[in-house]
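Student: Hi! Could you walk me through this one? I'd like to start with the DNA and then look at some aromatic rings.

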There are 2 protein chains.
Amino acid sequence: MRDVAALAGVSLKTVSRVVNDEPGVSDDVRTRVQTAVARLDYRPNLAASNLRRLGARTGLIGALVQDLSNSFSAALLRALEDAARTRRTGILTASLDEEIHREQALVHDLVTRRVDALVLMPSSRSQEYLAAELRTGTPAVFVDRPPRGVEADSVVVDNAYGARLAAEHLLDQGHRRIAGIFHLPQIHTAAERMRGFTSALTDAGLEPDPHLMVTGVATVEATAAAVRELLDLADPPTAIFAARNNLAVGAVRAIAERGLSREVALVGFDDFPMSDLVDPPLTVIRQDVPRIGRTVADLVFQRIEGDRSPVQHVVLNPSLLVRGSGEIPPRR
Amino acid sequence: MRDVAALAGVSLKTVSRVVNDEPGVSDDVRTRVQTAVARLDYRPNLAASNLRRLGARTGLIGALVQDLSNSFSAALLRALEDAARTRRTGILTASLDEEIHREQALVHDLVTRRVDALVLMPSSRSQEYLAAELRTGTPAVFVDRPPRGVEADSVVVDNAYGARLAAEHLLDQGHRRIAGIFHLPQIHTAAERMRGFTSALTDAGLEPDPHLMVTGVATVEATAAAVRELLDLADPPTAIFAARNNLAVGAVRAIAERGLSREVALVGFDDFPMSDLVDPPLTVIRQDVPRIGRTVADLVFQRIEGDRSPVQHVVLNPSLLVRGSGEIPPRR
DNA sequence: GTGAAAGCGCTAACAT
DNA sequence: ATGTTAGCGCTTTCAC
């Protein structure tokens, strides 16, 4: 910048004015500075300018999701990005892969970078550590999973309700032996879906069969293996609820392998790109991901703009999307 | 930081030493400083520290992809993220949606933020504007599409070769009326795939039928509409090549609607999560996305670490993944 | 082992 | 319309 000022024969402040499109510079000087900028390939240093600017924002949101390559996380980030773009704000993102130590380290890094806000899909059991960050003035909005041990805004869906929808739908088709496949029980969404599923069965007068409840399944492969075992039982389930998008993928695969695509009913949780093209088309509990993303963005920017009102917990209802796989009647 | 120093009764420099884990501080002083840090919720300002640090890196890579929510972009970013994590580097990402003006504005923004490197999946026709950024010392690596009008590293697949693989595979099954559906022809990957496809047909002695070549298709819906038209022709194609992942989705959908899933052969370009579960499983030209991501990361960090060797253009070969939809024989 | 002074690139506040 | 001075939060350099 000093070089630009020297080459244009003006002061630093004048260069600053030109670069920031501030008024009070004659056209003559302005073009002279711009020429110098171009000749020297000068690029302003945003970090340095923010340092002095009072109440400056970095124009950066830190977003921690579980897995950037999962269609749910990717769609969520995309919705967030679109909302942030209109506010000239960028997204700094990272994947946690359910590793709890990664979360706190990354939050610390993001605070150190002075992001304007944090968006968190937490992997840890408790986010008590966040209290200190919130006190420093960095707002945080939780998504998909509510905060624990700390007060912060959140946007989640009613997972228990969604799982109940799935279970009741299968019960309505006459199923009585319904298996449920769930992610790690320490993950809030998984626990809630398990709760909703189980209570729907008991409400229908069924005694849940522990052989039909599979938990702690995280991958497509593990789900496929679990479903194979279920189908090999002496008294196999006539319907399956797969409580997460990638678990549904594993279930579809294992059922198809056995040639039972038209015999065993299946309902998934979370929609994904090709779910209407599998055979039969997959019935799912759908979350309105773009809406979740927009809601998160709204909360984030409210807070960034200084809103200090009480913490908000937004709960959205998922819905049942009937497509075929969930409407297969029980065998015999 | 000044407050921390005051509370601990030490100088700024000592706080700096403790915060950065530098040696030369007695245990006593160290703990006193740490206590003060905790009491005051002090968080160092990375931007400020980088300002004075000579040869400092921001530990940030700017990655511009076409669409964060497309499985190809998401998987690519994920691979990049994993490689970057081991180098304590974060990813600042944005979607371009093929909008050419967005690209240059975002590149400028990222340079202003002093990212250590740029990863670009360009939407513009020419990246001449990048020359100035490269001169300022910000390395750039192109991915999926090669640079034009500027010298920079790149990692792409041989799209013409991949399309030729698809066409030859369909020709081998005896197909003679093969339709091709392509994205906007100004996009390099689309043009190359069209070229490879067309030349494979002419090499086989076929005269390409303009009615069977559909270009400028960008969305699932548009593809479905185009395929419906193709199937309505007096002399419809017996096989279709869909030159991009979302185009394959549209093609599967339209073919399924007509009940022709087992009548019309289909080969896609780019694999995606559920492609083996559609009916019939989708035969595709696959790109090894994690490998592309790792290769990009290798180049990026070589450049960040000061490698000034000549520009490298890495070309990877895609491969044919036979799964069923591409092996349907022509109708009589 | 610790600290004082200078300065990174820039802008706020105040001249002129 | 333009320039000067101080200082943002931190690290460097060099002194003690």
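Student: Which residues come nearest to DNA strand C?

Tutor: Happy to help! This is a predicted model. Of the 25 residues around DNA strand C, the nearest are A:Met1, A:Ser16, A:Tyr42, B:Thr14 and B:Ser26.

Student: And what is the make-up of that surface by class?

Tutor: The surface near DNA strand C has ten nonpolar residues, eight polar ones and seven charged ones.

Student: Which polar contacts does the side chain of B:Thr14 make with the strand?

Tutor: An N or O atom in the side chain of B:Thr14 is 2.6 Å from a phosphate oxygen of DNA strand C. From chain A, the side chain of A:Asn20 also has an N or O atom by a phosphate oxygen of the strand, at 2.8 Å.

Student: What about a base? Where does A:Arg52 come in?

Tutor: The side chain of A:Arg52 has an N or O atom 3.5 Å from a base oxygen of DNA strand C.

Student: Which elements give two or more residues to that surface?

Tutor: They are α2 (12-19) and α4 (46-52) of chain A, together with α2 (12-19) and α4 (46-52) of chain B. The most comes from α4(A), with four residues.

Student: How much of the strand's contacting part is sugar or phosphate?

Tutor: Of its atoms within 4 Å of the protein, 60% belong to sugar or phosphate, and the rest belong to bases.

Student: Okay, new topic: rings. How many aromatic pairs are there over all chains?

Tutor: A search of the whole structure finds eight. One of them is A:Phe182 with A:Phe241: the centres are 6.0 Å apart and the planes are at 70°, so this pair is edge-to-face.

Student: Where do those two sit in chain A?

Tutor: A:Phe182 is in the loop between β6 (178-181) and α9 (188-203), while A:Phe241 is in strand β8 (residues 239-242), so the pair ties together parts 59 residues apart in sequence.

Student: Are they buried or exposed?

Tutor: Both A:Phe182 and A:Phe241 are buried. A:Phe241 also forms a stacked pair with A:Phe197, at 5.5 Å centre to centre and 20° between the planes. A:Phe197 lies in helix α9, so this pair links parts of chain A that are 44 residues apart in sequence.

Student: Which cluster do they belong to?

Tutor: A:Phe182, A:Phe197, A:Phe241 and A:Phe269 form one aromatic cluster.

Student: And what sits over the ring of A:Phe269?

Tutor: The charged end of A:Arg193 does, 3.7 Å from the ring centre. In chain B, B:Arg193 lies over the face of B:Phe269, at 3.7 Å from the ring centre.

Conventions: Residues are numbered from 1 along each chain as its sequence is written. Chains are lettered from A and ligands numbered from 1 in the order in which they are written. This is a predicted model: local features need pLDDT of at least 70, side-chain atom pairs count only at pLDDT 80 or more; totals for chains, interfaces and linings use all residues. Side-chain values use heavy atoms; hydrogens and water are left out. Rings of Phe, Tyr and Trp (its six-membered ring) pair if their centres lie within 6.5 Å; planes under 30 degrees apart count as stacked, over 60 as edge-to-face and the rest as tilted. Buried means under 20% relative accessible area, exposed over 50%, partly exposed in between (1.4 Å probe, protein chains only). A charge sits over a ring if NZ of Lys or CZ of Arg is within 6 Å of the ring centre and within 35 degrees of the ring normal. A residue is near a molecule or strand if one of its heavy atoms lies within 4 Å of it. A polar contact is a pair of N or O atoms within 3.5 Å; within protein, one must be able to donate a hydrogen and the other to accept it, and residues adjacent in sequence count only if both atoms are side-chain atoms. Ala, Val, Leu, Ile, Met, Phe, Trp, Tyr, Cys and Pro count as nonpolar, Asp, Glu, Lys and Arg as charged, and the others, Gly among them, as polar.
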